[in-house]
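Trainee: I should like to examine this chain with you, beginning with its general composition and then turning to the packing of its helices. May we proceed by question and answer?

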Amino acid sequence: MSNVEGLRAAPPLRVLDGHGGDRGGGNTVPPGRPVIRLIDGEAPQIGDEILASLRTHGLYVHGDRLVMVLRPKTAPSRGIERPAHAPILHTLDSAGLADLAGRHIRFERFDARRGEWVPRDLSRRYCDAILSRGTWPEIRHLTGVVEAPLVLSSGEIIDGQGYDELSGLYLASEPPVGYTRPTIKPVDEAITWARELLLEVFGSLPFVSEADRAAALAGLLTVLLRRAIPAAPMLAITAPTPGTGKSLLSDALATIGLGRRATVLALGDDDAEADKRLVGVLIAGDPMVVIDNVSRPLASDLLCQILTQDSIRARPLGVSAMLTLPTSTAFIVNGNNLAVVGDLRRRTLLVRLDAGVERPELAPHAGDLLSEVKARRGEILSASLTLVRAYIAAGKPDVGVPVLGGFREWHTMCRAPLIWSGLPDPFAASESLRDADPDLEATRALFAAWTAAYGDRLITANQVVTDAMSMAPRFDSTGAAPSSPDMHAALQGVTAEKITAIRLGRWLRRHQDRLVDGLQLVRGEDDPVARCATWKIRRP
């Protein structure tokens, strides 16, 4: 079938070049704007031509959705505070795709009565068909939006504004004043300059140790390079007293990596609501998110997945379909005496601050840090990329520390270059997370009380609870008390205060085969009378 049916002089192609002139019906085509002619029965081909025409007009594939990069004046979202004009990803629906296509393409349909092609709006049925495909090879893949130059694992530097075909990254702004691209193989003098400048950046903050300072620098590299790394740990900033500089450090890292403040997420007390907010920042494609002023033990199965997987499957609020969402967002969490528990501990890089005074907010420990990093942002970026590129150029040598499971690329790009340059291991301070884990403390207490009471005998959860709750008389005004106070206190720790055999049984199943301080919880044969599992603590 001719695509301009009924016109002898019609051109053989449906997509016209948009350079003006008489095109088969006397219509004048606006300069530089392609024309697509709508013919019944050829919807798939029309969809192909729409996508091909929009390829260079800000349309991208992110995960399994079509998106555009926007800078809204405001982006209201419950529990999420995002700075004005911060770049976000906007998911296109049928109406949005029709609007975008209408702005960049002229659509025409043949009018038999007039004997010519006339302008028409694009019907949303074409857009519905395009979106239902689920894959769009004509459209460029977007890894993510970045707001500062970065280096890839190959050593290549991305510092030109716009879309980079090789990495799929979109650099949303020009490099700041003071930035110079590192050489392919930085010399020793450049490496020394970079290391000393980075150590100077946060020199006024009261780090507990040099390992904590190195962890802050690893956090900086994580913010800069997260888009190019499949998985990275969360940076946790803690201090014993308010006003020590936790939020200040978070803002300084954002200022360097983004040139602005980061998106702030309120954790709240509802885990389900917190998960919705986490999904929300992934949908928006935020490059960096700060979970600010956390006041409760932090544990999140979803956050664990986000930190160790390159993408997750999630259902956004108000949408029935599941989405595949890339997870290349840098997460920072801060709080006073922050407690990170469960599996999230091994996915956390800890920074400890302590001014050693009662009112740290009155001490001039930080000076005007934000103004300083803003003024020196360009050279800080150059120093950061110089250090990483030098390590890559050196052949990525072994630095003598084990690679954390799931974070091999992060180890190479953010941890090893600092150790190689002579700084302490950034993960050294994170060992204190293990000792501060409430779950570990409760496990230790239960294992010790269990061993004292039962040795390595098999026993049911119901019998343990019965023994701990049995009351023994006291000859004083306090009345009765548990006959096994140590076991009673330990059970309160593992069952969230309300001691029942069901709660204890669930806890035992979750911790089966766990080894702590040389003691291991193992499951035995089911009790034939009680018809329930038996347990014991042993030394393997």
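Trainee: What percentage of the residues of the chain count as buried?

Mentor: The model is a predicted one, and its chain holds 16 helices and 26 strands. A residue counts as buried when its relative accessible area is under 20%. Of the 540 residues in the chain, the share that meets this criterion is 50%.

Trainee: Among contacts between residues at least 6 apart in sequence, what percentage join residues at least 24 apart?

Mentor: The count leaves aside pairs that are not at least 6 apart in sequence. Among the contacts that remain, those joining residues at least 24 apart make up 70%.

Trainee: How are helix 2 and helix 3 oriented to each other, roughly parallel or roughly perpendicular?

Mentor: Helix 2 spans residues 94-104 and helix 3 spans residues 124-132; their axes lie 9 Å apart, at an angle of about 110 degrees. Angles of 65 to 115 degrees fall in one class, so the arrangement of helix 2 and helix 3 is roughly perpendicular.

Trainee: What is the handedness of that crossing, and which residues of helix 3 make the contact?

Mentor: The crossing of helix 2 and helix 3 is right-handed. Helix 2 contributes Ser94, Ala95, Leu97 and Ala98, and the residues from helix 3 are Arg124, Cys127, Asp128, Ile130 and Leu131.

Trainee: How many residues of each class does this contact of helix 2 with helix 3 have?

Mentor: The classes are nonpolar, polar and charged. In that order, the contact of helix 2 with helix 3 has six, one and two residues.

Trainee: Where do the buried residues of helix 3 lie around its axis, and what do they pack against?

Mentor: The buried residues of helix 3 are Tyr126, Cys127 and Ile130. They cover an arc of only 95 degrees around the axis, and therefore lie on the same side of helix 3. Their packing partners are helix 1 (43-54), strand 3 (65-70), helix 2 and strand 6 (106-111).

Trainee: Which residue with a positive phi follows helix 3?

Mentor: The phi of this residue is near 80 degrees. The residue is Gly134.

Trainee: Which residues of helix 10 meet helix 6?

Mentor: Helix 6 (residues 246-258) packs on helix 10 (residues 377-393) at about 85 degrees, with the axes 9 Å apart. The two are therefore roughly perpendicular. From helix 6 come Thr255, Ile256, Gly257 and Leu258, and the residues they meet in helix 10 are Arg377, Ile380 and Leu381.

How values were computed. Residues are numbered from 1 along each chain as its sequence is written. This is a predicted model: local features need pLDDT of at least 70, side-chain atom pairs count only at pLDDT 80 or more; totals for chains, interfaces and linings use all residues. Side-chain values use heavy atoms; hydrogens and water are left out. Axes are lines fitted to C-alpha atoms, for helices over the stretch in contact, and angles run from 0 to 180 degrees between N-to-C directions. Helices (H or I, at least four residues) and strands (E, at least two) are DSSP runs, numbered from the N terminus. Angles under 35 degrees count as roughly parallel, over 145 as roughly antiparallel, 65 to 115 as roughly perpendicular and the rest as oblique. A crossing is left-handed if the near helix is turned anticlockwise from the far one by less than a right angle, and right-handed if clockwise. Contact means heavy atoms within 4.5 Å. Ala, Val, Leu, Ile, Met, Phe, Trp, Tyr, Cys and Pro count as nonpolar, Asp, Glu, Lys and Arg as charged, and the others, Gly among them, as polar. Buried means under 20% relative accessible area, exposed over 50%, partly exposed in between (1.4 Å probe, protein chains only). The arc is that of the directions from the helix axis to the C-beta atoms.
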